Amino acid sequence: MTAAPRRGRGLRARITLLATGLVAAVSALLLWLGWLLAGGVVASVPSLPKGTTVVVNGVRVDAERLAEALADDARERVLLAGSVAFVCVVLATAMLAWVITGHVLRPLREVTVTAQRLSVESLEERIGHRGARDEVAELADTFDAMLDRLQAAFSAQRQFVANASHELRTPLAVIRTELDVTLADPDADTAELRRMADVVRAATLRAGQLVEALLVLARTDGLGVGATGPVDLATVVTGAWRSTRAEAERRGITATFHHGHATVLGDAALLERVAGNLLENAVRHNTDGGWIDARTTSGPQWTTLSVASSGPPIDPDRVPELFEPFRRGAVDRTGTGTGLGLSIVRAVARAHGGTVAAEPVPGGGLRVEVTFPSV
């Protein structure tokens, strides 16, 4: 076990020692200059006749030694008074530096105490600094903003895990129920076993789709993109449509494609997933006999993939919710699909440095536009 490193003096003590040391050095320099100046000034006294004696501090001194005696006396007085002043100034500086630094560094202690109290269950605590708007206040505000982001991330993670658990529990419950009911029936025939197998197969496919979608979302959400290269969005859309065309034709949905030159730099598999999710949503949430309009366009700075489709009316206020995990159209966690389609689209767009936006289509339906930086 590695021993914890020894902590040196605190910041408050170091600042106090530094300020006291600087004042002590300046005071000592001034005392030395005063000592030199006093001796030099007193030494320039008028000369007296030889043989004359004067009294300096009760002591008779020959005239020839008068200047030297006065200089020594002045220096002793300056040194005595200066030493007292030096001690007082140094002590006062140390006390003032200790008090002032303690007041200035109090918000830092609040940051430390708050950070020590924090846990996943107490992320709502904030420093809430109300002092002068200085660098320490900026640090406290930055720390509070970081806690806001952490709390939002933990809340989103909890909600995501809860939703994912709910979604996975449904197919697993279906599988367990079908198995228990069928195995409890001693007269189950081949038809009953086949029916049970079909239900279990559909449930496992749904669970597999959900796990795959979660893996894609975890891969792209904030982790960036791995292998990249020039990708033609028109080719990506054409490939994604092949797996969706059969369901669209069965429901009588008409699709129109407008392909322009649209090349982006990114991961071809992830970009195909974006196109596939948009087209699957356009078919799944459409009306029988509806329409789909897919466009790829390119400009000097941005390349766009847009998919619009008919469908039931959507409240504009609920459009942002569609990009949250496990949101399906107008109803949460119902219907087919995993509910992660647009969440994956948003995550992939962000991983490629792009954006995604959606708006209701007049008369019913949704238009989703994904924008990527142009090559």
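Reader: Which residues of H9 are buried?

Author: This is a predicted model, and in it helix H9 covers residues 341-351. Nine of its eleven residues are buried, so the rest of the structure largely encloses the helix. Going along H9, the buried ones are Gly341, Leu342, Ser343, Ile344, Val345, Arg346, Ala347, Val348 and Ala349.

Reader: And which residue with a positive phi follows H9?

Author: Look just past the helix, which runs over residues 341-351. The residue there has a phi near 75°, and that's Gly353.

Reader: Is Thr304 buried or exposed?

Author: Thr304 sits in strand E7, residues 302-309. Leaving out residues up to four places away in sequence, Thr304 touches Leu233, Arg295, Thr296, Thr297, Glu369, Val370 and Thr371. Its relative accessibility is 13%, and the cut-off for buried is under 20%, so Thr304 counts as buried.

Reader: What about Leu33: what is its relative accessible area?

Author: Leu33 belongs to helix H1, residues 11-43. Together with Val26, Leu29, Leu30, Trp32 and Leu36, Leu33 forms a nonpolar surface patch of about 580 Å² accessible area. Partly exposed means between the 20% and 50% cut-offs, and Leu33 falls there with 42%.

Reader: Zooming out, what share of the residues in the chain is buried?

Author: The chain has nine helices and eleven strands. Its accessible surface comes to about 22700 Å², with 60% of that belonging to carbon and sulfur atoms. Out of 375 residues, the buried share is 34%.

Technical notes. Residues numbered from 1 in each chain as written. Predicted model: local features only at pLDDT ≥ 70, side-chain atom pairs only at ≥ 80, totals over all residues. Heavy atoms only, no water. Patch = residues over 30% accessible without salt bridge, like charges linked within 9 Å, V, L, I, M, F, W, Y side chains within 5 Å. Areas by Shrake-Rupley, 256 points an atom, 1.4 Å probe, with all protein chains shown as cover. Salt bridge = Lys/Arg side-chain N within 4 Å of Asp/Glu carboxyl O. Helix = DSSP H or I, 4+ residues; strand = E, 2+ residues; numbered from the N terminus. Buried < 20%, exposed > 50% of the residue type's maximum accessible area, 1.4 Å probe, protein only. Contact = heavy atoms within 4.5 Å.
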